[in-house]
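Work through the exercises below with the sequence and the model open. Each task is followed by a solution in steps.

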Amino acid sequence: MAEPTGSIAPRTDAALARLARHPGVSAAAAVIGPGAQGWVVGGAVRDALLGRSLSDIDVVVRGADPAVVARTVARRLRAPAFELSREFGQWRVDARRGERGTAGFTLDVAPLQGASLVEDLRRRDFTVNAIAVALSAPPQLEDPLGGLDDLRRGALVLASEEAFRDDPVRLLRLARFRAELAFEPTAEVLARARADAQLLARAAPERLLQELRKTVAAEGVLAGLELMDRASLTERVLPELAALRGVEQSHFHHLDVYDHTLEVLRQLLLLERQLAEFFGREVAEELARELGRPLADDFTRGQAVRLAALLHDIGKPRTRAVRPDGRVTFIGHDEVGAEMTLTLCRRLRTSTTLARFLAEIVRNHLALGFLVHERPLSRRRVYDYLRRCEPVEVEVTYLSCADRLATRGRNAEQAIAVHLELARELMAAALAWRRAGGAPRPPLRGDELARVLGITPGPLLGELLEELRAAVYAGEVADPQEAIAHARRRLEAIAAD
């Protein structure tokens, strides 16, 4: 059994006291009226016992209206409250901004499910999440399913035999808790997961995406993915990734496509921890800020790059070919992979923003490697690279480093060194490009250029303006007069062709 992340607090009562002092919990306890009962349940109790931060609090009540409790708590915390689920009568207090000097959190209030607390807890996923703490003074821990012992040994045990059938998304939580907490399912739970894996077809794609996001974002993502594989979940959620198993590559690779993909992610995780050593302090600080920026669907840009690492070669099985000399090729796997990524994103119902971000990284993940033999690069070639990779010019440069580090076949060390040297140069250029807002503007507007040259707006004018952007970036054009002269020369060259 793997050691869980963190350990049970030396004294359970100290953990319960910490939980009771939490502003959301103390506010909820204060508004439970006479004749009513309330309990903190789920992940908040687990995390309090593990000494982890408390950001998502779940409270169940009996004899009280969840809406009234939530609204009253919200007024005390000066935070908004809203109905989260009409079906389950659940309300949320959103204090994520950290009002009143506290750390941000959400507090969900719902009625007790079933006739008793035990029945409510049996409807949850795993015993480690089926421990309750009564909103009383002093707080009382209630553990009818033995979750505390399972928490101590880092074991994932189902709260009931029906747990996966009641909510198939819980299957994917096995991987998430493995990645986040280093918890391991028992042999019985793993066997049940394999038997019930097909139930994921019933799960809402949006919920699968969120579980996948949490797994990918966790420090132990590789362990989470390994558990997905053991539980036969990968082919149900990411069949494109599962299809990479056994796809052999050329002599430049030492792994098949599946193992190479996981190695790329492993190298990416190492890079995340060593940005300053790899890129230098100044570039690393700016890159870290970029990777930490929110993107879409609760992904940061850096978390989305992790997902892109899993998808970057999914086009290889469809494009694999063997030349007469025996060399294996995957010509066009970047374009095929980009289209497959868009299809995958439609299946998981991601936002358009996330889908395009992932697809453009997949589409352009080979671009930097093609430039290695052209060093030193002219400003024009740098422009072409950045323009082609926009709007993921920073992230695809970053991912290419991990991809190259994971490729250790013939002549690997020299190839890696050359690639990484170029990547460092292009990363500085990519960050500057993004800082500047992309390609530079021509020194004069399109309508002004069209009037001076005597041409009408259309594709030709667009081509001339793009040429001027490149010329400005390359330092060939600095003012309107130079721009006009440059555009005239370009126009003459086009006419001569």
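**Exercise 1.** Is Arg78 buried or exposed?

*Solution.* The model is predicted, and local features need pLDDT of at least 70, side-chain atom pairs count only at pLDDT 80 or more, while totals for chains, interfaces and linings use all residues. Residues are numbered from 1 along each chain as its sequence is written, and side-chain values use heavy atoms, with hydrogens and water left out.

Step 1. Buried means under 20% relative accessible area, exposed over 50%, and partly exposed in between (1.4 Å probe, protein chains only).
Step 2. Arg78 has a relative accessibility of 69%, so Arg78 counts as exposed.
Step 3. Arg78 sits in the loop between H4 and strand S3 (81-85); helices (H or I, at least four residues) and strands (E, at least two) are DSSP runs numbered from the N terminus.
Step 4. The phi of Arg78 is near 55°, a positive value in a residue other than glycine. Most residues other than glycine have a negative phi.

**Exercise 2.** Describe the surroundings of Arg301.

*Solution.*
Step 1. Locate Arg301: helix H17 (residues 301-311) contains this residue.
Step 2. Arg301 counts as buried because its relative accessibility is 10%.
Step 3. List the contacts (heavy atoms within 4.5 Å). Not counting residues up to four places away in sequence, Arg301 touches several residues, including Glu290, Leu291, Phe357, Pro391 and Arg434.
Step 4. Leu291 is 10 residues from Arg301 in sequence, and their C-alpha atoms are 4.8 Å apart.
Step 5. Look for a polar contact, which is a pair of N or O atoms within 3.5 Å; within protein, one must be able to donate a hydrogen and the other to accept it, and residues adjacent in sequence count only if both atoms are side-chain atoms. The side chains of Arg301 and Glu395 make one, at 2.8 Å.

**Exercise 3.** Which side chain makes a polar contact with the side chain of Asp108?

*Solution.*
Step 1. Asp108 belongs to strand S5 (residues 105-111).
Step 2. With a relative accessible area of 7%, Asp108 is buried.
Step 3. Beyond its neighbours within four places in sequence, the contacts of Asp108 include Ile57, Asp58, Gln90 and Arg92.
Step 4. The polar partner is the side chain of Arg92, at 2.7 Å.

**Exercise 4.** Describe how H23 and H24 pack.

*Solution.*
Step 1. Two packed helices are described by the angle between their axes and the distance between the axes. Axes are lines fitted to C-alpha atoms, for helices over the stretch in contact, and angles run from 0 to 180 degrees between N-to-C directions.
Step 2. For H23 (residues 393-405) and H24 (residues 412-435), the angle is about 170° and the axes are 8 Å apart.
Step 3. Angles under 35 degrees count as roughly parallel, over 145 as roughly antiparallel, 65 to 115 as roughly perpendicular and the rest as oblique. H23 and H24 are therefore roughly antiparallel to each other.
Step 4. Among the residues that meet are Glu395, Tyr398 and Cys401 in H23, and His419, Leu420 and Trp433 in H24.

**Exercise 5.** Which residues does a cis peptide bond join to Pro376 and to Pro391?

*Solution.*
Step 1. Most peptide bonds are trans.
Step 2. Arg375 is joined to Pro376 by a cis peptide bond with omega about -5°; Pro376 lies in the loop between helix H21 (367-371) and helix H22 (379-389).
Step 3. Glu390 is joined to Pro391 by a cis peptide bond with omega about 10°, and Pro391 is in the loop between H22 and H23.
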